[in-house]
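Biologist: Could you take one helix, look at it closely, and then tell me how it fits in with the rest? Plain words, please!

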Amino acid sequence: MSMSLVLAFWVMTLALIAVPGPDWAFTLASGIRDRVVLPAVGGLMLGYVVLTGFVAAGVGTLVTQTPPVLDVLTFVGAAYLIYLGWRVLSDPGAAQASPASVPRGGWRGWMLRGMGVSGLNPKGLLLFLAMLPQFTDPRGTWSAPVQLGTLGLPFVATCGLFYTALGLGARAVLGARPAASRVLTRVSGVAMVVVGIALLAERLLTH
């Protein structure tokens, strides 16, 4: 498959990973409260590995072969991002991680919870079901499942690196500088709205 497609997908995933959402809240809570960042992030990564396998096994191919399904998923996902961003801008305090919102637990508990968070994350589902198939090459020598699985690997690896750094720095940044946390929350709200509008515009322009 084309390396330019892989690079384009990685750039898009990096932009989406940088937008705060459920994964952010979970990672920040793990870093602030119990500082069990590694098992928490490991769970997030495992959840996305499962999603990658699920899409590569057939769901992703079905989406690529059914444009109306892709349109519906894109519109629903974009509307969700716009709504979530508006909620963040309307009530910045609600989007900040609450240490008490994540229960205590051992390594296994944190990993299982991380898998649940990433597996049910609408932003992740949008990425894997609506966006990932768009970066496959129908003329490539690799089959669609192999291409989908290969595209999922840089996303999972980038998630691991990004959220590990985020969790380890959570106590220092958010604990000592609450003003910075409020600014980050507002910026994330604007980013979610922009990404949602961009997704809608991209699908509308293709018709």
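Modeller: Sure, a definition to start: the expected span of a helix is 1.5 Å times one less than its number of residues, where a helix is a DSSP run of H or I, at least four residues, numbered from the N terminus. This is a predicted model, where local features need pLDDT of at least 70, side-chain atom pairs count only at pLDDT 80 or more, and totals for chains, interfaces and linings use all residues. Residues are numbered from 1 along each chain as its sequence is written, and side-chain values use heavy atoms, leaving out hydrogens and water.

Now take α5: its 13 residues should span 18 Å, and its end C-alpha atoms are 18 Å apart, which agrees. Within α5, W110, G114, V117 and S118 are buried (under 20% relative accessible area, 1.4 Å probe, protein chains only). They sit on the same side of α5, because they cover an arc of only 85 degrees around the axis (taken from the directions to the C-beta atoms). On the other side of α5, R108 and L112 are exposed (over 50%).

What about the rest? The largest nonpolar core (buried Ala, Val, Leu, Ile, Met, Phe, Trp, Tyr and Cys joined through side-chain atoms within 4.5 Å) has 37 residues. Elements giving it two or more residues include α5, α2 and α3, with α3 giving the most, 8 residues. F9 and Y163 are among those with the most contacts inside the core. Over in α2, T27 is in contact (heavy atoms within 4.5 Å) with Y163, among others. T27 counts as buried because its relative accessibility is 0%.

Technical notes
Lists of a residue's contacts leave out its neighbours within four places in sequence.
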